[in-house]
Amino acid sequence: MMREVKNGVVLSEEEKRRRRQRSLALALVLGALVLLFYAISIIKQGAALNALHS
Amino acid sequence: MALATDALVERGRSKPGPQVSLSTPGDFFALLKPRVMSLVVFTAFTGLMLAPSRPHPVIAFISILAIAVGAGAAGCLNMWWDADIDALMSRTRNRPIPAGRITRETALGFGLMMAAGSVITLGLAANWMAAGLLAFTIFFYIVVYSMWLKRSTPQNIVIGGAAGALPPVIGYAAATADVTLGSAVLFAIIFLWTPPHSWALALFRSQDYARAKVPMLPVAAGRDATRMQILVYTLVLVPAGATPALLGLGGLAYGLVALLMGAGMLHLAFRLYCQHEEKAADLAAKKLFGFSILYLSTLFGVLLVERIVALVLQGAG
C-alpha cells in the first residue's frame, strides 16, 4: 500500500493488525526453535553419556 | 522475468511513499505448499519407520519436521522462480506472489532461510547424510527442475520427479545414516508414479500450460503421445509397486494391496489410452489423477501400518 507521508510511515489499523500477526507468528517460531534445540542438546548429551558409561 | 507482481509494484511506484506489507502468516504458510508438504511428511515418515533402527522419538519427530520444512522451502523457492508462470495459470494465480500479497524478494529470503535452517537442523538432530540428501533434494527441485528443465523439455517432470521421490530415502537415512536397496525401491515407486500422475493433470490442464508456455508433454508432443506414455509408465510402475513385498519391506497384505491397486491404475490408464475424444479423455484423466493419489497413499499407508503392527506384536512378545 503506497501513500505520501511527511513524518515517517503512519500505518492503518489493518496494517498494524497484520504486522502484529506476523510478529506473533515469528515470536512463536523462534520460541519453538529454542525448545527444539534444547531438546536436541539434551537427547544427544544423554546418548553420549550412556555410551560413555556402558 | 516479466512478472505480474513486478507490474503491480511498478503501478504502485507511480504513487509516492513507502510500501507496507499486508501479508499474513497464512500467506507465508501458503508459500510452503502445505499439501505437497503433507505428502512429503507421510512418505518420509514411512521411510523412517521402515528402517531397521529407529532414533529417539523426539529426534525422529524433529527429523520429519526438518524434512517437511525443507520441502516447504523448496516449494517457496519454486514459487519465487515461477511467479510469472503462476500468474498465467488458473490453478496458481491466487498464490501469494502472483496475487501481490508477498513480493518475490521476500519469498526468496524466506525460502533460502528455511532451506538452510532445515538442512542444519536435520544434520544436528539426525545425521549429515540425511541433511546432505535434503540439501540435494532442494537444489535439484529448484535448480535442475524449476530453473532448467521445467521450461525447456517435456521430460521435465520425469527427471524432476526425482526430487519428489527422495523424502522416504531421507527419512530412512535419518534413522540409519545409510541409503539401501529398500529405500531405493521406495524412491523408485514415487519416481515412476510421478509421470502418469503429473501427465494426467497436464492433460486436463493443457490449456493452462500452453498459455504459460510450459512444454508439458500434452503441449509439446500432443495428447495421443501423452496417453501412450502414461500407459507405458503405469505398466512399469505396477510391478515396481509390488517389489517391497518381494524384498521383505512389506508383507503379504502389502503385496495383495499393491497388486489390487496396481490393477486399478492399469485399468484407468488403459481407459484413458482408449479415449480419443477430448472431453472423454479429460474425464478419464481426472479419474486417473485422483486414483493415482489414492494409489500412492494406500501403498505407503499399508507399508506403515504393517510396520507398526509388527512393532506392536514384537513389543507384546
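Here are two short exercises on chain B of this predicted model.

**Exercise 1. Work out which elements of domain 1 of chain B face domain 2 of chain B, and what classes of residue sit on that side.**

Solution. Start with the bounds: the domain assignment puts domain 1 of chain B at 29-177 and domain 2 at 180-317. Taken over C-alpha atoms, the centres of the two domains are 21 Å apart. Next, look at who takes part in the contact: domain 1 of chain B puts in 25 residues and domain 2 of chain B puts in 24. Now go through the elements on the domain 1 side. Those giving two or more residues are α3 (34-50), α8 (156-165) and α9 (167-176) of chain B. Finally, sort that side by class, and you get 15 nonpolar, seven polar and three charged residues.

**Exercise 2. Describe how α8(B) packs against helix α10 (residues 181-204) of chain B.**

Solution. Two packed helices are described by the angle between their axes and the distance between the axes. For α8(B) and α10(B), the axes come within 8 Å and cross at roughly 130 degrees. Angles of 65 to 115 degrees would count as roughly perpendicular and those over 145 as roughly antiparallel, so α8(B) and α10(B) are oblique to each other. As for handedness, α8(B) passes α10(B) in a right-handed crossing.

Then pick out the residues. From α8(B) come B:I157, B:V158, B:G161, B:A162, B:G164 and B:A165, and they meet B:F187, B:I190, B:F191, B:T194, B:P195 and B:S198 of α10(B). Counting by class, this helix contact has eight nonpolar and four polar residues, with no charged ones.

Terms used: Residues numbered from 1 in each chain as written. Chains lettered and ligands numbered in written order. Predicted model: local features only at pLDDT ≥ 70, side-chain atom pairs only at ≥ 80, totals over all residues. Domains from an automatic or database assignment. Contact = placed C-beta atoms within 7 Å. Helix = DSSP H or I, 4+ residues; strand = E, 2+ residues; numbered from the N terminus. Nonpolar A, V, L, I, M, F, W, Y, C, P; charged D, E, K, R; others polar. Axes fitted to C-alpha atoms, helices over the stretch in contact; angles between N-to-C directions. Parallel < 35°, antiparallel > 145°, perpendicular 65-115°, else oblique. Left-handed = near helix turned anticlockwise from the far one by under 90°.
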